[in-house]
Every structure is written in C-alpha cells, then in structure tokens.
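Hello,

Here is the structure I promised to pass on to you. Please have a look at it first, and then read on for my notes.

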Amino acid sequence: MSETYDFLFKFLVIGSAGTGKSCLLHQFIENKFKQDSNHTIGVEFGSRVVNVGGKTVKLQIWDTAGQERFRSVTRSYYRGAAGALLVYDITSRETYNALTNWLTDARTLASPNIVIILCGNKKDLDADREVTFLEASRFAQENELMFLETSALTGENVEEGFLKCARTILNKIESGELDPERMGSGIQDGTPSLSLHTTSPASGSRCVWVSSFSPLNLLKHLETSGSLFMKSICNLHLQPLSLWSDPVVMEGHL
Ligand SMILES: Nc1nc2c(ncn2[C@@H]2O[C@H](COP(=O)(O)OP(=O)(O)OP(=O)(O)O)[C@@H](O)[C@H]2O)c(=O)[nH]1
C-alpha cells in the first residue's frame with residue numbers, strides 16, 4: 001500500500017554483536033520482544049511511520065550485524081544515514097569499550113552531522129550491570145550524543161530512543177541546520193516512493209526486503225547497497241516488474 005509522509009529518514013542501528021540491536025528494532029516495529037534472536041547476517045531492514053512534532057515521518061531503519069566479519073559489508077550501508085542508535089549492553093563492558101570505534105565509523109562513513117542516540121540496552125538486567133548510568137552519560141556528553149538506557153525485553157525507552165532521534169533531526173531541519181535537499185542527508189521528502197520486495201522460496205518467507213526510495217534515489221541505492229550486497233551473498237536477481245506501481249515494483253529470488 002502506498003503511504004504518505006512528510007519526510008523519510010534513514011536510520012542505522014549499530015554496535016557490538018549481542019547488544020540487542022535486532023531486538024530493539026523488532027520491539028519498535030512489532031511492539032514485542034523477539035524471542036530466539038540470532039546473529040544478524042549483513043543487514044536487516046524495518047520501517048515504521050511515526051508522528052513527530054505534527055509531521056509524519058517514515059523511519060527506514062537498517063539493523064546492522066555487530067560481528068566483525070560483517071564489518072566491511074555493514075559499513076557500505078552507513079552512507080547518507082540521518083540518524084543512528086548506537087547500542088551497547090549495560091552488562092558488558094567490552095561492548096561499551098567498543099563505542100568509540102563505532103562512533104568514528106558512523107561519523108566518517110555516514111555523515112559528520114548524523115544524529116546519534118546512545119542506547120545502553122538490557123536495562124532489565126540491572127543486577128548484572130558492568131557499566132554505570134553515570135559513566136555512560138559522561139561519555140555521551142563528551143561525544144555530543146543523546147543517551148538513554150533501554151530494554152528491548154520490557155520495551156522500556158525503546159520507542160523514546162527512535163522518536164528522540166527523529167525529533168532532533170526534524171528540529172535541525174526546521175532550524176535550517178540540516179538541509180534535506182543535500183545529497184546524502186539521509187532525508188527525503190514525501191514524494192512518491194518505490195518499494196523493493198524480494199521473495200525467498202527457500203525459506204518460504206516473503207518480503208525479506210521491503211524498502212522505499214524516491215525514484216531519483218532508487219538507481220543510486222541499487223548501485224551502492226542493497227542489491228549489491230544481496231547479489232553478492234544470495235545470488236539475487238532483481239527484476240523490475242513495473243517502475244511506478246506501488247507497492248511491488250521489483251521482485252527477486254534468493
Ligand atoms: N535481558 C535482555 N536480553 C536482551 C535484550 N535485548 C536483547 N537481548 C538478548 O540479547 C541477545 C542478542 O540480541 P540481538 O538483538 O540478536 O543482538 P544484536 O545486537 O542484533 O546481535 P548481532 O546481530 O550479532 O549484531 C539475544 O539473546 C536477546 O534475547 C534486553 O533488552 N534484555
């Protein structure tokens with residue numbers, strides 16, 4: 001179905017493996033905890049339309065694999081992201097110590113202006129905490145990040161994290177600090193979009209990928225990210241069905 005919205009923001013969810021990135025995305029999209037979450041291979045995708053400050057905003061969210069072996073693939077998705085959730089696990093100092101590397105990647109590969117919210121996830125496991133709220137808040141302050149502790153399990157602060165990030169981007173657009181027209185801003189206005197659907201007969205799951213791009217950005221996107229990655233790992237063949245019929249304009253087979 002075609003959706004109308006005022007803006008589309010590209011978001012990333014980044015951070016070390018096992019911190020709960022996929023569960024946070026799932027909680028935000030489905031409003032429930034993802035049981036038996038497995039390591040993400042490459043990237044996964046979700047989207048949701050939200051209302052922020054009187055505007056309708058579609059969040060196009062790329063959940064990246066935290067494992068080092070996927071780093072070169074996931075890095076290719078950073079370009080042009082407007083916002084990011086940078087996730088660590090409050091029960092793992094190792095994931096907290098890795099934050100600086102993730103932050104450097106986000107600011108160099110996405111955009112120096114990317115709006116980032118630091119999420120200390122697994123807040124429900126307070127008894128096993130290895131990172132205090134205070135030290136993480138200091139880190140956030142020193143690095144000009146917003147900060148929240150979240151729980152993908154209980155849902156606490158999950159919606160707030162995504163919305164806070166979106167609200168900040170919108171404020172920056174309204175104040176003129178961010179220009180949505182700039183190439184690579186990670187922001188599109190609500191012009192008609194194309195959807196990209198793929199089907200996996202092997203797994204029987206449909207809509208492995210569903211994403212929307214304005215027509216102008218579609219070819220660029222296909223060149224730079226989704227299709228190349230999918231082609232490289234899954235031998236995906238994309239076939240245009242019809243360029244202007246919404247929602248299914250392309251179909252692929254794994
Ligand atoms: N208690 C608790 N467990 C969580 C929470 N979020 C995620 N988990 C668990 O943490 C593990 C990893 O979660 P994922 O969402 O797969 O982690 P990820 O960051 O996406 O991992 P990669 O895909 O490898 O980068 C799973 O066993 C989840 O059940 C949370 O808020 N609380």
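**What I found**

Val115 is a good place to begin: leaving out residues up to four places away in sequence, Val115 touches Ala82, Gly83, Cys165, Thr168 and Ile169. Please keep in mind that this is a predicted model. Val115 belongs to strand S5, which covers residues 115-121. Is Val115 buried or exposed? With 25 other C-beta atoms within 10 Å, and 20 or more being enough to count, Val115 is buried. You can also look across from Val115 to Met146: the two are 31 residues apart in sequence, and their C-alpha atoms are 8.5 Å apart in space.

**The whole protein**

Stepping back, you will find eight helices and 11 strands in the protein. Of its 254 residues, 40% are buried. Take the contacts between residues at least 6 apart in sequence: 68% of them join residues at least 24 apart.

In soluble globular proteins, nonpolar side chains tend to be buried together. Here, the largest nonpolar core has 54 residues, and those that touch the most other members are Phe9, Leu12, Leu24, Ala84, Leu86 and Ala106. To see one of them in its surroundings, pick Ala106: apart from neighbours within four places in sequence, Ala106 is in contact with Ile14, Tyr78, Ala84, Leu86, Ile114 and Ile116.

**Strand S3 and its partners**

Next, have a look at strand S3, residues 55-64, where eight of the 10 residues are buried. Which way does S3 run against strand S1, parallel or antiparallel? S1 (residues 7-15) and S3 pair in the parallel sense, over seven bridges. Phe9, which we met in the core, stands opposite Leu59 in S3.

With strand S2 (residues 43-52), S3 pairs in the antiparallel sense, over 10 bridges. There, Phe45 has Trp62 in S3 as its bridge partner. S2 and S3 form a hairpin with two residues between the strands, and Gly53 takes a positive phi near 50° in this hairpin.

**Around the ligand**

How many residues surround the ligand? There are 20, and the closest are Gly20, Ser22, Ser37, Thr40 and Gly66. Sorted by class, this shell holds six nonpolar, 11 polar and three charged residues. Helix H1 (residues 21-30) gives the most to the shell, with three residues.

**Out in the open**

Helix H5, residues 133-142, lies largely in the open, because the number of buried residues among its 10 is one. After H5 comes Glu144, in the loop between H5 and strand S6 (146-149). Glu144 counts as exposed, with 10 C-beta neighbours inside 10 Å.

Most residues other than glycine have a negative phi. Glu144 has a positive phi, near 55°. Asp36 also departs from that pattern, with a positive phi near 50° in a residue other than glycine. Where does Asp36 lie? You will find Asp36 in the loop between H1 and S2. Asp36 is exposed, because 4 other C-beta atoms lie within 10 Å and the limit for exposed is 12 or fewer.

I hope you enjoy looking around.

Best wishes

Technical notes. Residues are numbered from 1 along each chain as its sequence is written. This is a predicted model: local features need pLDDT of at least 70, side-chain atom pairs count only at pLDDT 80 or more; totals for chains, interfaces and linings use all residues. A residue is near a molecule or strand if its C-beta atom, placed from the backbone, lies within 6 Å of it. Helices (H or I, at least four residues) and strands (E, at least two) are DSSP runs, numbered from the N terminus. Ala, Val, Leu, Ile, Met, Phe, Trp, Tyr, Cys and Pro count as nonpolar, Asp, Glu, Lys and Arg as charged, and the others, Gly among them, as polar. Two residues are in contact if their C-beta atoms, placed from the backbone, lie within 7 Å. Two strands pair if DSSP finds at least two bridges between them. A nonpolar core is a set of buried Ala, Val, Leu, Ile, Met, Phe, Trp, Tyr and Cys residues joined through C-beta atoms within 7 Å.
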